[in-house]
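Student: Please pick one part of this model and take me through it slowly, then show me how it fits into its surroundings.

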Amino acid sequence: MKKTNVAITIAAFMWLAMPVNAQFGKLKEKVSGGKSGGGGSFAELNNEKDEMGLTGEYHSLVDKRAYGLRFVKEQDGKIVNKLQYFEKKGKEPQMELSMKESYYSKNKVKLFYNWVTANANGYVEVIELEPGILAQTIQTAESANGGPATLDAKRTVKDVYAKNKESLATWDIETAQAKVDVVLTSLNSEKMEKETAEWMKSEVFAKNVNKIVFANQWYHLQKQGYPHKLSVDGKDFKTELDMAGNMNFMAFFKYPPKVKYAGQQINIEYEMNGQKVNREECRKKSAAWSNMVKILETKDFEYNQSSTRAIREYNQYQSAYVQDYAAIQCLYNNKDKFKVGGTYDLIVRIYAHRDGENGDLLAEGTVKLKYSEEAVIVFNGDPKKPELKGVWAQFDEFLNE
Amino acid sequence: MVKLFYSLIMMISFVCANAQNNQNAEIAELTSGNFSVYKAVGKGNDFKFELAAKPWPVDLKKEGEVYTEVTIKRAGIIEEKYQVDLPGCPAYYKSSTTDVVITVIDKKIYYYTYSIKSGSIIQYILSESKVGNYNNEKAELDDYRTKIKILQTTARTERIEENKALAEKEARENTLEGKAIKDIKVLLVNAGADIGMLSIVSIGFEVILADGTILKTKNLGGKTPYADFEVKVSGGQYSGGDLKVANDSREIPNDKIEVEAWSKFGDKKIVGKLSHPINYNSEINYQYQGASGASGRGMTVGYSENGQDGKNGRSVRINAEKLTVNGTVISHLKITDATTGQLLSEAKLNQLAKITINVSGGNGGSGCEGRSCYSGNGGSGGNAGDGGDVYLSGSAASFLQIVVMNDGGKGGKGGAAKTTNNTSGSNGSNGKKGNFYK
């Protein structure tokens, strides 16, 4: 009995859902470049006026057919700001797309979107390139998120629609793509400024922008899972670290290096007592160094704060100490100067880097490193446990590889 | 001077061009004008080139013997400018706003992005002749980028040396070394009205030289290194332009932060001083939670397969008394171990500020997973520690804004069995929440 009920329910659901899916099916074909359902004339829409100047008959560049679009500002007393899309004549549109209102109110960009399905390939987007010219774009990276695909999504123009058929001679796919890229660049720069302004509201960020901060635990710098948000109050930032313990740091950037220094590398320089060591020079010394010092690229520095990094720290997951070999080299160069109980300034600088040359200095910070009695054991080894090597002995072994 | 510069560039170009053409030589084969556009379409590793409907205008700008800029009018409507990477031996032209770069090889203009790890991703090739298949074009471009980099060494070293010389000149102008100092000012930088324990305040140094020149540290907009100063601090720790106020009020004599600074190159004749009262209006926190137990580690000498027990949070007594400091009524807290009576810390706190005391129990360590244990059985999780008790008393207890974290820890999870013939470890017990008495 129960099985029968379930079967009837599924059948009823399928029957109800089919007309909707059939409608969207044609559009999905169109979205993916297949057969379209367009055709006929929608010229009567040209007689309608709307404040966006969108309503009318449009001609497709790809399949040469005509389609209808109508901008609807208000419906049932509510502001809706949506775009109705007609593939065939009738009162009911085959699809309705929502407007991203803030793009229009702040940037005068008319962008409409709809998620036909929650997957990336179910995303439909229309962007006005100039009055009477629309680009239909797709993206393949993001799933439904409650709004349009983010500005990070790479958009590809699939079709161009023009009120005046003659305009399609000018607006081919490449031209439309170029214009879409320009529109997105402008939206992205506004987004970057807006995000930086948000970060600047935080005193911790405002006081430390373009600086490197230090702590003896990575989670005092950044909460796990929040690389994109300021999630600490800065109370646990340190100006002095015991060399026996964890030595972590993190940079605050005015703008994300991924955006501001696209396509470049990141170099980190350590300086103590005037002696400088940087990752890029270390990396090029040998295969052994290259294995230990990985290339850092700006594409992985996508927020206003870096991921947390370590001069040296105990990694619970790996049950081992991990260290930046360039930083250890810098300490190693100074080891003969270390005295028990003494403190030594370590300056850390992060640069944009390209083709073997440092570019802009992105962040800088100084921390005092204390060579405590415990640090002496950690670095020189414990006489009571001669089987365990200290940091210097391990590093000597590495240098002799 | 300009002639000398271009002569130098030409000499370097000649050296560079011996084995492979740099961009000055490659672009010389082209003339500005319209170019057919081949667009890379596809995904993953499967790309092919399609001819775009219309050509794009390209303008090649030359100054002396160097092609300094390539302008591409994308799709005929969007003007994009690309600047030379290294005038002495150019390999590509770069954009100031995107990661797109331009390289010309055999009269083909490559429009692409480049990663040192994965090489090039070609978006378009602008060319009057037909282009090859995508993989061959990419291979040729990647090979060019690799080889030209070696040939750029001379020009690049030259530029690095020039930049280094400029940096050294700037450093000489801004260092205190060898300079006669008339006065040093120690200044708070953008300090808010509220400074309390654990606050980090920016400290800048302004130096007036005998000849009237003023040098400043970076946080005051100058370029004098912080490392040029010897700094003595009372009330906190200083490093690189930042002073972090102590976390124990016993380390803040007279309720002030005090800084003295002098040149590390001099004989301490000129000393700058700063004395600044603080109002303790800053949130603070103290951590007395129990340590978590270590996870079980099978097949490791000296370790058990079972997770270790978490420790209990410390039980503490907080005596809060009213006190007037620098004209403000504050709470003076003495925090002692409830069991031993040992004084752990003293704190001073504005009535508006919050204190957080964490006496949570430590979590139990997880048991070793069966696949990592000799027996194949999962190790047992350790028991968690209990939360500590907090006893609050004193004349300021009623208005103290205090947050107590005294939950018991979570018991460690038992390790999973290796096979169905093995047994899983049992979970450790959770700790009990502590009490807050006031």
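Tutor: Let's start with a term we will need: a residue is buried if 20 or more other C-beta atoms lie within 10 Å of its own, exposed if 12 or fewer, and partly exposed in between, with C-beta atoms placed from the backbone. Strands (E, at least two residues) and helices (H or I, at least four) are DSSP runs, numbered from the N terminus. This is a predicted model, in which local features need pLDDT of at least 70 and side-chain atom pairs count only at pLDDT 80 or more, while totals for chains, interfaces and linings use all residues. Residues are numbered from 1 along each chain as its sequence is written, and chains are lettered from A and ligands numbered from 1 in the order in which they are written.

The part I would pick is strand S8 of chain B, residues 101-105. Five of its five residues are buried, so S8(B) is largely enclosed by the rest of the structure. Val101(B), Thr103(B) and Ile105(B) point one way, whereas Ile102(B) and Val104(B) point the other way. That fits a general pattern: in a regular strand the side chains alternate between the two faces of the sheet. Here the residues on both sides are buried.

Now for the partners; two strands pair if DSSP finds at least two bridges between them. On one side, S8(B) pairs with S7(B), residues 93-94, in the antiparallel sense over two bridges. Tyr93(B) stands opposite Ile102(B) there, and a hairpin of six linking residues joins S7(B) to S8(B). S8(B) also pairs with S9(B), again antiparallel, over five bridges. In that pair Ile105(B) faces Lys108(B) of S9(B). This second hairpin has two residues between its strands, and Asp106(B) in the turn has a positive phi of about 50°.

Step back, and S8(B) turns out to belong to an open sheet of ten strands in chain B, ordered S1-S4-S5-S6-S7-S8-S9-S10-S2-S3, with antiparallel pairing. The edges are S1(B) (33-35) and S3(B) (46-51), each with a single partner strand, so one side of each is left without a neighbour in the sheet. Elsewhere in this sheet, S5(B) (66-74) and S6(B) (78-84) pair in the antiparallel sense over six bridges, with Val70(B) bridged to Tyr82(B).

Two helices cross the sheet. Their angles run from 0 to 180 degrees between N-to-C directions, with axes fitted as lines to C-alpha atoms, for helices over the stretch in contact; contact means C-beta atoms, placed from the backbone, within 7 Å. Helix H3 of chain B (134-151) lies across S8(B) itself, along with S2, S3, S9 and S10 of chain B, and runs at about 115° to S10(B). The other helix comes from the partner chain: H3(A) lies across S2, S5 and S6 of chain B, at about 70° to S6(B). H3(A) covers residues 173-200 and reaches 40 Å from its first C-alpha to its last, close to the 40 Å expected at 1.5 Å a residue, where the expectation is 1.5 Å times one less than the number of residues. Buried residues of H3(A) include Ile173(A), Val183(A), Leu184(A) and Trp199(A).

That leads to the interface, where 34 residues of chain B are in contact with 27 residues of chain A. On the chain B side, the elements giving two or more residues include S2 (37-43), H4 (153-174) and S9 (108-115), the hairpin partner of S8(B). By type, this side divides into 14 nonpolar, ten polar and ten charged residues; nonpolar means Ala, Val, Leu, Ile, Met, Phe, Trp, Tyr, Cys and Pro, charged means Asp, Glu, Lys and Arg, and the others, Gly among them, are polar.

Finally, the whole chain. Chain B has four helices and 26 strands, and 41% of its 438 residues are buried. Its C-alpha trace spans about 85 × 85 × 45 Å along the principal axes. The radius of gyration of chain B is 34 Å, against near 22 Å for a compact globule of 438 residues; the radius is taken over C-alpha atoms, and the globule rule is 2.2 Å times the number of residues to the power 0.38.

Key. Contact = placed C-beta atoms within 7 Å.
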